[in-house]
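Hello,

Here is the structure we talked about handing over. My notes on it come after the model itself.

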Amino acid sequence: MAKRTPSAQELHRRAVATYVKAGGEESVQRVITAVQSLTKKLDQWYARQLVDLEVTAGEWAVVTSLAKAGEALTPSQLAELTNVAPSSMTHRLDKLAERGLIERTPDAENRTRIYVSLTDAGWQLFSVAIRGSDVVESDVLQDLSDDERGELARLLEVVIARLDDIDA
């Protein structure tokens, strides 16, 4: 007889119990374990979405970095934002340029500097991916009212504000 796969909720309860047994504070472990589980499950979905969009995780990191920056960036800035070596960034940019998702523009004041920006096709890819993600993310949050979503967002933003104060 095949073993039943435990539900996400059961896995969460077991993990919290294990961490509490080892000395962790229950309310802390409930929150952190929930955030980790949510992140893991969404990351699995995002990885499948990137395959469907024919974009690697590294290429997606470049697209999102450019979209979030709202301005052209240098390859060095992109390498730093995505935590890769500059030589790896050059390869990623070559692939994205071949697909017409980014364009490179020389700096008018410094001919050795190149700026990278999203093309219309790059923005379209970003938009398609975000709209697809929003459907799944909305499904995850469907049992919360708008007020509860707002409160959850507010509480998580308080926690995020503390991240800069923690030496990890």
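What follows covers two helix packings, the aromatic pairs and two single residues.

Please keep in mind that this is a predicted model.

Helix packings

The first packing is between helix H1, residues 8-21, and helix H2, residues 26-53. Their axes are 9 Å apart, and the angle between them is about 140 degrees. An angle over 145 degrees would count as roughly antiparallel, so H1 and H2 are classed as oblique to each other. Their crossing is right-handed. On the H1 side the contact is made by His12, Ala15, Val16, Tyr19 and Val20, and on the H2 side by Glu26, Gln29, Arg30, Thr33 and Ala34. By class, the residues of this contact of H1 with H2 are five nonpolar, three polar and two charged.

The second packing is between H3 and helix H4, the latter being residues 75-82. Here the axes come within 10 Å and cross at roughly 110 degrees. Angles from 65 to 115 degrees count as roughly perpendicular, which is why H3 and H4 are described that way. H3 also passes H4 in a right-handed crossing. Ala61, Val62, Ser65 and Leu66 of H3 meet Leu78, Leu81 and Thr82 of H4. The contact of H3 with H4 has five nonpolar and two polar residues, and no charged ones.

Aromatic pairs

The count comes to three aromatic pairs. One of them joins tryptophan 45 and tyrosine 46, with 5.9 Å from centre to centre and 75 degrees between the planes, an edge-to-face arrangement. Tryptophan 45 is partly exposed at 21% relative accessibility, and tyrosine 46 is partly exposed as well, at 24%. The cut-off for buried is under 20%, so the 21% of tryptophan 45 puts this residue in the partly exposed class.

Tryptophan 60 and phenylalanine 126 make a stacked pair, because their ring planes are at 20 degrees, with the centres 5.8 Å apart. This pair links distant parts of the chain: tryptophan 60 is in helix H3 (residues 57-69) and phenylalanine 126 is in helix H6 (residues 120-140), with the two positions 66 residues apart in sequence numbering. Tryptophan 60 is buried, at a relative accessible area of 16%, and phenylalanine 126 counts as buried at 18%. What else belongs to one aromatic cluster with Trp60 and Phe126? Trp123 does.

Two single residues

Glutamate 59 is in helix H3. Is glutamate 59 buried or exposed? The relative accessible area of glutamate 59 is 5%, so this residue is buried. Apart from neighbours within four places in sequence, glutamate 59 is in contact with Glu54, Arg92, Lys95, Leu96 and Arg99.

Threonine 105 lies in strand E1, residues 102-106. With a relative accessible area of 38%, threonine 105 is partly exposed. Not counting residues up to four places away in sequence, threonine 105 touches Arg113, Ile114 and Tyr115. From threonine 105 to leucine 93 the separation is 12 residues in sequence and 12 Å in space, C-alpha to C-alpha.

Regards

Notes. Residues are numbered from 1 along each chain as its sequence is written. This is a predicted model: local features need pLDDT of at least 70, side-chain atom pairs count only at pLDDT 80 or more; totals for chains, interfaces and linings use all residues. Side-chain values use heavy atoms; hydrogens and water are left out. Axes are lines fitted to C-alpha atoms, for helices over the stretch in contact, and angles run from 0 to 180 degrees between N-to-C directions. Helices (H or I, at least four residues) and strands (E, at least two) are DSSP runs, numbered from the N terminus. Angles under 35 degrees count as roughly parallel, over 145 as roughly antiparallel, 65 to 115 as roughly perpendicular and the rest as oblique. A crossing is left-handed if the near helix is turned anticlockwise from the far one by less than a right angle, and right-handed if clockwise. Contact means heavy atoms within 4.5 Å. Ala, Val, Leu, Ile, Met, Phe, Trp, Tyr, Cys and Pro count as nonpolar, Asp, Glu, Lys and Arg as charged, and the others, Gly among them, as polar. Rings of Phe, Tyr and Trp (its six-membered ring) pair if their centres lie within 6.5 Å; planes under 30 degrees apart count as stacked, over 60 as edge-to-face and the rest as tilted. Buried means under 20% relative accessible area, exposed over 50%, partly exposed in between (1.4 Å probe, protein chains only).
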